[in-house]
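Hi,

Here is the structure I said I would pass on. Have a look at it first, and then read my notes below.

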Amino acid sequence: MFDWWHRIVSHFVFETLGLSPESAAGSALDFFLYDTVKILTLLAVIIFLITFVRSYFPTEKVRDWLEGKHPLVGHVAAALFGIITPFCSCSAIPLFLGFIQARIPLGVTFSYLISAPMNNEIAIAMLFSLFGWKITALYIGFGLLVAIVAGIIIGKLDLEDEILIKPPETPPPHLEEIKIPVKERLEEAWGYTLDLLKKVGLYVLAGVGIGAFIHGYVPSDLIVRYAGGDAWYAVPLATILGVPMYSNAAGVMPLIEVLTQKGMLMGTALSFMMAITALSLPEAMILKKILSTKLIAIFFGTVALGIMIIGFIFNAILR
Amino acid sequence: MKIEILESGCVSCRSLEHNVREALAKSGIEAEVEVVEDLQRIMAYGVMRTPGLVVDGKVLSMGKNLTPDEIIGLLS
């Protein structure tokens, strides 16, 4: 799709500037120019599409739909809705209490709460532009699996008493749908896309910049020795390292791309990316206002375990 | 007219309050403005995305930081 652009970049770097394709500087610059334009373009298109589609799936509609469904249907549907609905960690509290208020089981609520940030629009757009649709599909598929299974486990543990604030006894009123014309939805989606690009653009440039440096200057065997290969601790280490990186997902993912090209195993990379989006410290801090530390620890523990199992399985199969 | 702004402490919640006051000043509409941070009251409206804008008990907007002009449009 971007072959034409790569030809222009290569012509500029290798003919106009006269750098050798074999040189570290030439290969790094070629990589940087090609990757930044490709990623920013795809980010804009994908974020715009996701934002537009999800304006038709407000969280309140999801809640009303999940109300009174069989738990198993609930887990699967909640995880699926997590892909398409908007999620911002500052709304995590009203969202959580709103689900509980509607008598949606705690485990089903967690299936949603795990899936929503993991399948956020930036992560999906970055994954698609860096790794292509196959890895994106694997990420989403296994992300859903983690959300469903972790939700079922949390649901089985009878943790309802660990919710510190009780929502009102009365079920939530069914809100009249706010009618928004398509034109307005498109404009809103575009405005949101620009805002988001402004927010993550610098991280993307920095991430690709560092990635380009590694691409050109750092030899592969160095990365294989430290980040890659067969070491048993690669997956757990990647999972733990992912926790503090939530706000920088857009900057970290280009690095992961380069690391996989240089020998990091795909399972380790998947674990790393899932940990970045699903295990976010700021979200945990916000949820601490309404959930006991025990429940948050179980939530993080179950999800982390699921992410690591996926990493191990992948590394074992894809070798 | 009574305007309630439902918020849960995020940045866009605070700017909604600011924009509501700006909209009132700009349009000359008289209204009583209250910021609601009590979760029980937010839940009672069935709102799950903050900031929320409630006018005379009716939820008009959720999860959106409206501009002053958009707010004037909703109020009139």
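Let me start with a small detail in chain B. This is a predicted model, and in it the hairpin formed by strand 3 of chain B and strand 4 of chain B has 2 residues between the strands, with B:Asp56 taking a positive phi near 45°. If you want to find that spot from the strands themselves, strand 4 of chain B covers residues 58–62, and it pairs with strand 3 of chain B in the antiparallel sense over 4 bridges. Within that pairing, B:Val54 sits opposite B:Val59 of strand 4 of chain B.

Strand 3 of chain B (residues 52–55) has another partner too: 4 bridges join it to strand 1 (residues 2–6) of chain B, and these two run antiparallel. A handy pair to look for there is B:Leu6, which stands opposite B:Gly52 in strand 3 of chain B.

On confidence, chain B has an average pLDDT of 85, and 95% of its residues score at least 70. For the model, the scores are ipTM 0.82 and pTM 0.85.

Now for where the chains meet. On the chain B side 15 residues are in contact, and they touch 18 residues of chain A. Which element gives the largest share of the chain B side? That is helix 2 of chain B (residues 39–44), with 5 residues. Sorted by class, the side of chain B that touches chain A has 8 nonpolar residues, 6 polar ones and 1 charged.

Chain A is built another way, with 15 helices and 0 strands. Its radius of gyration is 21 Å and the globule rule gives 20 Å for 319 residues, which is close, so chain A is as compact as a globular protein of that length. Along the principal axes, the C-alpha atoms of chain A fill a box of roughly 70 × 50 × 30 Å.

Two more figures for chain A: buried residues make up 44% of its 319 residues. And if you take its contacts between residues at least 6 apart in sequence, 88% of them join residues at least 24 apart.

One helix to pick out is helix 6 of chain A (residues 106–118), which is mostly covered, with 13 of its 13 residues buried. Its length works out as well: at 1.5 Å a residue, the 13 residues should span 18 Å, and the end C-alpha atoms of helix 6 of chain A are 19 Å apart, which agrees.

Happy to go through any of this with you.

Cheers

Terms used: Residues numbered from 1 in each chain as written. Chains lettered and ligands numbered in written order. Predicted model: local features only at pLDDT ≥ 70, side-chain atom pairs only at ≥ 80, totals over all residues. Contact = placed C-beta atoms within 7 Å. Nonpolar A, V, L, I, M, F, W, Y, C, P; charged D, E, K, R; others polar. Pairing = 2+ DSSP bridges. Rg over C-alpha atoms; globule rule 2.2 N^0.38 Å. Buried ≥ 20, exposed ≤ 12 C-beta atoms within 10 Å, placed from the backbone. Expected span 1.5 Å × (residues − 1). pLDDT = per-residue confidence, 0-100.
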